[in-house]
Amino acid sequence: MAYYDRSSAGDNLARGLGWFSIGLGVAELMAGRSIARWMGMEDKTNLIRAYGVREITAGVGLLALGDPKPWIWSRIAGDAVDMATLAAGMEDNPRAGNARIAFGAVMATTVLDVVCVQKLHREEAYHRSLPVPDYSGRSGFPRPVSAMRGAASDAPIGQDMRTPRILQFQPAQSQAASS
Amino acid sequence: MRALVWHGANDIRCDTVPDPEIEHPRDAIIKVTTCAICGSDLHLHDNFMPGMEKGDIVGHEFMGEVMEVGSEAKSALKVGERVVVPFTIWCGECDQCKRGNYSVCERSNRNKALADKVFGHTTAGLFGYTHLTGGYAGGQAEYVRVPMADRTHIKIPGGLTDEQVLFLGDIFPTGWQAAAQCDIQPTDTVAIWGCGPVGQMTIRSAILLGAKQVIAIDRVPERLAMAKAGGAITINFEEESVVERLNELTGGKGPEKCIDAVGMEAHATATLDSMYDRAKQALMLESDRAHVLREMIYVCRPAGTLSIPGVYGGLIDKLPFGMAMNKGLTWRMGQTHVNRWTDDLLNRIQEGQIDPSFVITHTVPLDQGPEMYKTFRDKRDGCIKVVLKP
Ligand SMILES: NC(=O)c1ccc[n+]([C@@H]2O[C@H](COP(=O)([O-])OP(=O)(O)OC[C@H]3O[C@@H](n4cnc5c(N)ncnc54)[C@H](O)[C@@H]3O)[C@@H](O)[C@H]2O)c1
Ligand SMILES: [Zn+2]
Ligand SMILES: [Zn+2]
């Protein structure tokens, strides 16, 4: 079973990164053009908007209740793509300084992402190292299951809980005949 | 007294609060000896149920000793008697109660006007469960006020431990009703989604009621092991395709009876519909995740029955209703009419036909309740059912 604990330290960090993703994503989507201009990369406006959508998706994924690990990994992959785009954009760019600032910021969040995903995997490993309790003897019955099957078939169950005879599956022939 | 109090999402605390008092002649005050955390409490803890208020005392599976009885309940209940309290409060006099439909009692919800508005017509009052169902203080506490106590109780004879009878107040009759309303035939395959405490009780009930084949679905290994101990064939939905396996086990025709013992917080592995649900729920555009319902509708044999003890709170999305309609499925659902079943079930416990305490994995003092909510929700430490001792 994929393990995750929605109240652990790793998880809190993941949630924080989720909100960060949504904030960044919305900014990239709404202000894609200004961001691109500030970095001297106007031609990448649409790309930045697309990255915004990617960030929002990751953010929603992180805030939802499931396993955060795949989403953090997707953020790390996204960070790599961001850095590659920025690095490529720095050549022949009068505003390369700004692009470098952005590059540094992405690198900082990558560090956080990596810390987070390591924490989450450590938590999972710890959980997996715990012994799994053995409940194979807990039937709740005094005798083997085979001896208990149907033991309560005479139970008082009101007509309102019964399926109309015609809708019962068995025995098929007599049902058809009695209709 | 000490009690577990709801303060918001993920925030249940053990607080000191005023002791309850008799407010109406039909009330009784119970000193709680044992109580439990139910899967329904998790929906409150995770804040998926609308209608909770800060300061509400939670808990609806509890038992104890009668401390004080109002004048109109005296003929039915005496101080010192040992009772399990059903989570559905019922009056015994309205049309619904006369039919045994206690969970939709017309008179026990003191916030009837609100419920009438939200549900069209009110349902019964419940302990520790949102203001839509009366906002009554719950039983994860040292003392509880039981309204309509002349009806709302199950008397426990001597010779049985708290652990053996506690679940008569909720999960045992819930599993039982889930199976009973499938009207199980000896040729039936009954598929049960969810091997939490309710699923476990449902499995045992389906066996006792004579199902040919019981199939249980979950992904938590120790829960699946317990399901197997109770006589179920198990499917781990993280490792196998539920639909394929169910068809395989039924000669390609699908199970006649499908039971949803999961409810609104269903998990799914990387299926499109579950991603969609999670995203919508995270953005608060949808309250319930319907993955299990969708799967049941799809795999159920035409003219079969869907039984839904799993709790849903509000709106679900992308439910293939056309499929359900065209397959002519019967839907049975609802909160449990607890007292309708408890005489019979208490007998079965006394006779030794079943001992519901098999499901208990953790017993702790009340003040450790808040941590145990998390242990139970996150299925840590092999946790399946938590019992609290005030
Ligand atoms: N109708 C009633 O009167 C009544 C009474 C008590 C409880 N309930 C409801 O019954 C439900 C179960 O309660 P519980 O105490 O067993 O809770 P639980 O949370 O311990 O159990 C739910 C189980 O479902 C499993 N699950 C999740 N997604 C699944 C999927 N897609 N397929 C199969 N299994 C899946 C989980 O792993 C878990 O083991 C809850 O919704 C609860 O509110 C209803
Ligand atoms: Zn419950
Ligand atoms: Zn009534």
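With its 390 residues, chain B would be expected to have a radius of gyration near 21 Å if it formed a compact globule, and because the value computed for chain B is 20 Å, the two agree. This is a predicted model, and every value in the description that follows is to be read with that in mind. Along its principal axes, the C-alpha trace of chain B spans about 60 × 50 × 45 Å.

The secondary structure of chain B comprises 13 helices and 18 strands. When contacts in chain B between residues at least 6 apart in sequence are considered, 71% of them turn out to join residues at least 24 apart. Of the 390 residues in chain B, 64% count as buried, while the area that chain B exposes comes to about 13,600 Å², of which carbon and sulfur atoms supply 52%. As for charge, chain B carries 41 positive and 50 negative side chains, and the centres of these two sets lie 3 Å apart.

From the whole chain we can turn to one part of it, an open sheet of 3 strands in chain B, whose order is β2-β1-β4 and whose pairing is antiparallel. The strands β2 (11–16) and β4 (56–57) of chain B stand at the edges of this sheet, and because each of them has a single partner strand, one side of each is left without a neighbour in the sheet. Strand β1 of chain B, which covers residues 2–8, is joined to β4(B) by 2 bridges, and these two strands run antiparallel. Within that pairing, B:V5 has B:I57 in β4(B) as its bridge partner.

Two lysines in loops of chain B deserve a look for their backbone angles. The residue B:K318 lies in the loop between β15 (305–308) and α11 (321–326) of chain B, and its phi is near 55°, which is a positive value in a residue other than glycine. Is the residue B:K318 buried or exposed? Since exposed means over 50% relative accessible area, B:K318 counts as exposed because its relative accessibility is 52%. Further along the chain, B:K379 is found in the loop between α13 (369–377) and β18 (386–389) of chain B, and although B:K379 is not a glycine, its phi is positive, at about 55°.

Methods
Residues are numbered from 1 along each chain as its sequence is written. Chains are lettered from A and ligands numbered from 1 in the order in which they are written. This is a predicted model: local features need pLDDT of at least 70, side-chain atom pairs count only at pLDDT 80 or more; totals for chains, interfaces and linings use all residues. Side-chain values use heavy atoms; hydrogens and water are left out. Helices (H or I, at least four residues) and strands (E, at least two) are DSSP runs, numbered from the N terminus. The radius of gyration is taken over C-alpha atoms; the globule rule is 2.2 Å times the number of residues to the power 0.38. Buried means under 20% relative accessible area, exposed over 50%, partly exposed in between (1.4 Å probe, protein chains only). Contact means heavy atoms within 4.5 Å. Accessible areas come from the Shrake-Rupley method with a 1.4 Å probe; for residues, only the protein chains shown count as cover. Lys and Arg count as positive and Asp and Glu as negative; His and the chain ends are not counted. The place of a charge is taken as NZ of Lys, CZ of Arg, CG of Asp or CD of Glu. Two strands pair if DSSP finds at least two bridges between them.
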